[in-house]
Amino acid sequence: MFVLGIETSCDETAAAIVTGEREILADVVLSQLDEHRPYGGVVPEIAARSHLQHVDRLVAEAMRRAQKSFAELDAIAVTGGPGLIGGVIVGVMTAKALALAAGKPFLAVNHLEGHALTARLTHAIDFPYLLLLVSGGHCQVLAVEGVGRYTRLGTTIDDAAGEAFDKVAKMTGLGYPGGPAVEKAAALGDVSRFVLPRPMKGKPGCDFSFSGLKNAVRLLVESLPRPLGPQDAADVCAAFQAAVADSVADRVKKAITVFKARWPQGGHLVVAGGVAANTALRQTLIRIGSETGLEFLAPPLNLCTDNAAMIAWAGVERLRLGLVDDLSFAPRPRWPLDPDARKVGFAGVKA
Ligand code: KG4
Ligand code: ZN
């Protein structure tokens, strides 16, 4: 089975070809980072225009690398949402046109499902498993029970984890994108100099919160001499990163208790999303996994951040189950994985 995947829901234009045997034949990603950097964040109109400009070339490049013709494909999968709607429309229209011209099935994939199923592409694990999805738009913990079957155990009640990293980078003068810059600075910082709050720690349930922590960082930065020197910035970043890791650890531990009680056959704790690149967070999750008897798995970094291989793979999984979509599919700015979950903040938007 050969499936072409297309991803255009945020600031990466991507195309990939994946087989039913879990091989990635091609995986091309074009980051728009440089186009958005002057604005300190993703500008939706710039993103949509850039996807439009590059998506055809990237699809052609993926087909060339995989040495496949459209006639050899079994289906065309695309992110149908959630995400920045202009970009999603570009991807969906491209995929529909290709599916129609080549006479192939069209699959509209939930971007979050792409992240959620990546561990089955990289590690062939069985359902159910526990997934921590931490990205620029999301912070959720979900029981992944099957394709299209998710139970959300917790979500952020305000900001996403990556969003908090990006804001802290801005406040400490480290620029955009913030996550990698904060991690790099934190490595040079003294983690014991400042103590920041651990949001939600010890609270009932498995929800996350980062806006209070973000405000605590703001107050801390305002109390320091400006402009912030490199050591002060590093110490603030170290304190912030430790607070995030500690808070996430508390929430994930609670989610593991719930998961084990309801899905005792599950054996894996999986992390996905851009913030999964963070080493401090990974180390925390490895520790929690070993403390609780769940095996910790993290896809390689290029498959944790936005990519089209995860969309193609979700397409493989859906095609196997006959979950093909109609060409009348309408792109969705919001599309929660667990529609029955209680509405909290902005849950269901971009991951
Ligand atoms: O999943 P992703 O590539 O894009 C979407 O949000 O869809 O995640 C991007 C987020 C950004 O907020 C970025 O700052 C954060 O992931 N990130 C990190 C690290 N690398 C990327 N956060 C913390 N530590 C990192 N090393
Ligand atoms: Zn994503």
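**Close-up views of a predicted protein model**

**Figure 1. The whole chain, before we zoom in.** The protein chain has 11 helices and 10 strands, and what you are looking at is a predicted model. Its C-alpha atoms fit a box of roughly 60 × 50 × 35 Å along the principal axes. A compact globule of 351 residues would have a radius of gyration near 20 Å, and the protein chain agrees, with 20 Å. Buried residues account for 57% of the 351. Take the contacts with a separation of 6 or more: 74% of them link residues 24 or more positions apart.

**Figure 2. The outside of the chain.** About 14,000 Å² of the protein chain is exposed, and carbon and sulfur atoms supply 56% of that area. As for charge, there are 36 positive and 36 negative ones, and their mean positions sit 4 Å apart.

**Figure 3. The largest nonpolar core.** This core counts 54 residues, and the ones touching the most other members are L132, L196, F240 and L285. Among the elements giving it two or more residues are the strands β6 (129-134), β7 (139-146) and β9 (268-272). Helices on that list include α5 (161-171), α6 (178-186), α7 (211-222), α8 (230-262) and α9 (279-292). Which element gives the most to this core? That would be α8, with 14 residues. Another core lies apart from this one; it has 35 residues, including A75, A77, L303 and L319.

**Figure 4. F240 and the residues around it.** F240 is one of the four residues that touch the most other members of the largest core. Which residues does F240 contact, once neighbours within four places in sequence are left aside? The list runs A164, F165, V168, V182, L196, L213 and V217. L196 is worth a second look here, since it turns up among those contacts and is also named with F240 among the residues touching the most other core members.

**Figure 5. I125, in a loop but tucked away.** Look for I125 in the loop between α4 (111-123) and β6. Is I125 buried or exposed? Its relative accessibility is 5%, so I125 counts as buried; the cut-off for that is under 20%. Ignoring residues up to four places away in sequence, I125 touches A119, R120, H268, V270 and L297. Pick out H268 from that set: I125 and H268 are 143 residues apart in sequence, yet their C-alpha atoms are 8.1 Å apart in space.

**Figure 6. Two cis peptide bonds.** Most peptide bonds are trans, but here are two spots to check. F127 and P128 are joined by a cis peptide bond, with omega about -10 degrees. P128 belongs to the loop between α4 and β6, where I125 is found as well. The other cis bond joins R226 and P227, again with omega about -10 degrees. Here the proline, P227, is in the loop between α7 and α8.

**Figure 7. Two non-glycine residues with a positive phi.** Most residues other than glycine have a negative phi. R22, though not a glycine, has a positive phi of about 70 degrees. You'll find R22 in the loop between β2 (12-19) and β3 (24-31). With a relative accessible area of 35%, R22 is partly exposed. Q67 isn't a glycine either, and its phi is positive at about 55 degrees. Q67 sits in the loop between α2 (44-66) and β4 (75-81). At 68% relative accessibility, Q67 counts as exposed, because the cut-off for that label is over 50%.

Definitions and conventions. Residues numbered from 1 in each chain as written. Chains lettered and ligands numbered in written order. Predicted model: local features only at pLDDT ≥ 70, side-chain atom pairs only at ≥ 80, totals over all residues. Heavy atoms only, no water. Helix = DSSP H or I, 4+ residues; strand = E, 2+ residues; numbered from the N terminus. Rg over C-alpha atoms; globule rule 2.2 N^0.38 Å. Buried < 20%, exposed > 50% of the residue type's maximum accessible area, 1.4 Å probe, protein only. Contact = heavy atoms within 4.5 Å. Areas by Shrake-Rupley, 256 points an atom, 1.4 Å probe, with all protein chains shown as cover. Lys, Arg positive; Asp, Glu negative; His and termini not counted. Charge placed at Lys NZ, Arg CZ, Asp CG, Glu CD. Core = buried A, V, L, I, M, F, W, Y, C linked by side-chain atoms within 4.5 Å.
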